[in-house]
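Here's a walk through a fold, starting with how its strands pair up and moving on to its charged side chains. Have your viewer ready.

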Amino acid sequence: MTTLTDTLLDPILAADPAGPRITWYDDASGARIELSAVTLANWAAKTANMVRDEFGLLPGGRVAVLLPAHWQSAAVLLGAWWAGAEVVLEPDDADLALVSADRLDDVADVAEVAVLSLDAFGRPVPDLPVGVTDYATHVRVHGDQFRSAGDGGPVLDGRTAGEVIAAARDAAAAAGITGADRVLSSRDWGTPQALIDGLLAVLAVGASLVQVSNPDPAATNRRVESEKVTARLNG
């Protein structure tokens, strides 16, 4: 069964597998990471394999993703959907949580937890409690290809993959984004609608994203030129 991830990735893998798909900046640290469609798909596949094989999550399971807007967050989301999971943005009734270290207390009642350092070089999170998995350490051992799984159930906020794709394409149209655009954004992805507007709308129409954390306004004009930005998502 086709998953949300298949629907998002298949067209861009066919059209431009090697070109930049997500470029992430952190203006506080100076970090810059760029992923092609192939690299993004490989990270998503590793995550999907980890979700399925290491945590035993079956299609239809609920995965809480409590992460900021970040290239690793995109890989986690795509991986969870590839494994047939429903992504939730709150920890209630989740079978598995993938979280940043500062939100570990929020998932104390979730049975399985993986923590992301979000470090640009993939460093692990030090001093994790017993029973909590370090994402960076564990995800690397999993395969970078994945055979899709899915049950046709909800994938985000109770919505099916078809409903999410339709909402994402509507959001892209409302923002004037097309597949030819290079989109600059510093939006958060902390709610289902924000995730649709800030990430899925870009991927759904085949555009590429320049996502900035801790944006420095003084760097904006230079970045627009250097990254060949053609559209912006404000806020």
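Two strands count as paired if DSSP finds at least two bridges between them. Keep in mind that this is a predicted model. With that in hand, take β1 and β2: they run antiparallel and are joined by six bridges. If you want a concrete contact to click on, W24 has I33 in β2 as its bridge partner. The two strands form a hairpin with four residues between them, and there G30 takes a positive phi near 85 degrees.

β1 has another neighbour too. Strand β9 (residues 208-213) pairs with β1 in the parallel sense, over five bridges. Here T23 stands opposite V210 of β9. So how covered is strand β1 (residues 20-26), given that buried means under 20% relative accessible area? Mostly covered: six of the seven residues in β1 are buried.

Now for the charges. How many salt bridges does a search of the whole structure find? The search turns up ten. One of them brings us back to β2: E34 bridges to R182, with the closest N and O atoms 3.5 Å apart. This pair links distant parts of the chain, since E34 sits in strand β2 (residues 31-36) and R182 in strand β8 (residues 182-185), 148 residues apart. The two partners fall into separate burial classes: E34 counts as partly exposed because its relative accessibility is 39%, while R182 is buried because its relative accessible area is 8%. The pair also belongs to a network of salt bridges that links R32, E34, R182 and E227.

Another bridge joins the side chains of E86 and R62, at 3.4 Å from N to O. E86 lies in strand β4 and R62 in strand β3 (residues 62-66), so this contact ties together parts that are 24 residues apart in sequence. E86 counts as buried, because its relative accessibility is 10%, and R62 is partly exposed, because its relative accessible area is 25%. A further one to look up is R123 with D119, whose side chains meet in a salt bridge at 3.2 Å, N to O.

Finally, which residues form the negative surface patch? They are E90, D92, D93 and D95. The last of these, D95, is found in the loop between β4 (86-88) and β5 (96-100). Patch residues need over 30% relative accessible area and no salt bridge; D95 has 37% relative accessibility, so D95 counts as partly exposed.

Definitions and conventions. Residues numbered from 1 in each chain as written. Predicted model: local features only at pLDDT ≥ 70, side-chain atom pairs only at ≥ 80, totals over all residues. Heavy atoms only, no water. Patch = residues over 30% accessible without salt bridge, like charges linked within 9 Å, V, L, I, M, F, W, Y side chains within 5 Å. Areas by Shrake-Rupley, 256 points an atom, 1.4 Å probe, with all protein chains shown as cover. Salt bridge = Lys/Arg side-chain N within 4 Å of Asp/Glu carboxyl O. Lys, Arg positive; Asp, Glu negative; His and termini not counted. Charge placed at Lys NZ, Arg CZ, Asp CG, Glu CD. Buried < 20%, exposed > 50% of the residue type's maximum accessible area, 1.4 Å probe, protein only.
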